[in-house]
Amino acid sequence: MGSAEHPDGREYWEERYAEPGLSWSGEPNPVLVAEIADVTPGVALDVGSGEGADALWLARQGWYVTGVDIASNALEKARAHAVTVDRHAAARIDWQQQDLTDWVPEPQSFDLVSAQFMQLTEPARSVIFRSLATAVAPGGTLLIVGHDASDFRGDSGHRAHLIEKLFSIIDVVTAIDGEGLHVEIAESRQRGTPVAGGADFLHDIVVKASRRVDGASTNVA
């Protein structure tokens with residue numbers, strides 16, 4: 001089987017983003033917009049930034065953004081698209097090619113850490129969730145969103161490769177426990193629009209957590 005049938009690493013994503021045009025809608029993820037629109041802009045980390053719609057939206061709100069993705073082809077598309085749409089906002093984005101399985105962000109250095117639909121298996125996923133929690137600065141926010149594992153149907157053969165990459169609320173909360181964040185939202189939220197190409201996923205796992213400004217440790221609950 002070719003790498004396109006095994007979305008496990010850089011080769012798959014480089015091939016995916018090598019196709020001409022945008023693979024996604026070019027619109028920011030709705031949960032990001034809903035949860036962050038009223039947050040005072042600062043310094044943001046967009047993990048798995050893909051073609052850059054979330055990073056660009058954040059930059060247009062006034063954030064300074066680090067957009068990280070494993071695929072250089074994705075980053076090239078993101079950079080070009082951002083400049084075309086809004087050159088001034090594009091100047092506030094630093095695009096970085098990084099493999100999340102061996103890259104760790106600077107602790108307590110981002111006012112927002114956003115991971116939207118990151119697809120990784122255990123144990124790497126929990127390790128990365130923990131490092132992302134550590135990267136949240138005092139007063140900052142962690143936002144993790146993903147397809148709800150409970151929506152997966154065993155007869156959805158074309159998505160069978162995803163089953164080990166889906167996660168639950170408890171998976172996220174457990175991974176970030178002990179990192180000094182207060183969990184504000186931990187829920188399965190119904191999607192306004194089903195995933196393109198099918199209705200296998202109807203809900204999003206949404207976990208939003210924050211770090212107290214005074215630096216005091218807060219139990220995750």
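The following dialogue looks at helix α7 and some loop residues of a predicted model.

Student: What makes Q108 partly exposed, rather than buried or exposed?

Tutor: The relative accessible area of Q108 is 43%. Buried means under 20% and exposed means over 50%, so Q108, at 43%, counts as partly exposed.

Student: Where is Q108, and what is noted about its phi?

Tutor: Q108 lies in the loop between β3 and β4. Its phi is near 50 degrees, a positive value in a residue other than glycine.

Student: Which residue in the loop between β4 and α6 also has a positive phi?

Tutor: F117 is found in that loop, and its phi is near 60 degrees. P123 is found in the loop between β4 and α6 as well. A cis peptide bond joins E122 and P123, with omega about 5 degrees.

Student: Which residues of α7 are buried?

Tutor: In α7, residues 169-176, the buried ones are V172, V173, A175 and I176.

Student: How do you know that these buried residues line one face of the helix?

Tutor: Look down the axis of α7: the buried residues fall within an arc of 160 degrees, so they line one face. As a general point, an α-helix has 3.6 residues a turn, so residues three or four places apart point the same way.

Student: What is on the other side of α7, and what covers the buried residues?

Tutor: I170 and T174 are exposed on the other side. The cover over the buried residues includes α6 (124-134), β5 (136-147), β6 (181-190) and β7 (203-211). Just after α7, G178 takes a positive phi of about 90 degrees.

Student: Why is α6 called oblique to α7?

Tutor: The axes of α6 and α7 come within 8 Å and cross at roughly 55 degrees. Roughly parallel needs an angle under 35 degrees, and roughly perpendicular runs from 65 to 115. An angle of roughly 55 degrees falls in neither range, so α6 is oblique to α7.

Student: What is the handedness of the crossing, and which residues make the contact?

Tutor: α6 passes α7 in a right-handed crossing. The contact is made by R125, S126, F129, R130 and A133 of α6, together with D171, V172, A175 and I176 of α7.

Student: How many residues of this contact are nonpolar, polar and charged?

Tutor: Five are nonpolar, one is polar and three are charged. Asp and Arg count as charged, so D171, R125 and R130 belong to the charged group.

Methods
Residues are numbered from 1 along each chain as its sequence is written. This is a predicted model: local features need pLDDT of at least 70, side-chain atom pairs count only at pLDDT 80 or more; totals for chains, interfaces and linings use all residues. Side-chain values use heavy atoms; hydrogens and water are left out. Buried means under 20% relative accessible area, exposed over 50%, partly exposed in between (1.4 Å probe, protein chains only). Helices (H or I, at least four residues) and strands (E, at least two) are DSSP runs, numbered from the N terminus. The arc is that of the directions from the helix axis to the C-beta atoms. Contact means heavy atoms within 4.5 Å. Axes are lines fitted to C-alpha atoms, for helices over the stretch in contact, and angles run from 0 to 180 degrees between N-to-C directions. Angles under 35 degrees count as roughly parallel, over 145 as roughly antiparallel, 65 to 115 as roughly perpendicular and the rest as oblique. A crossing is left-handed if the near helix is turned anticlockwise from the far one by less than a right angle, and right-handed if clockwise.
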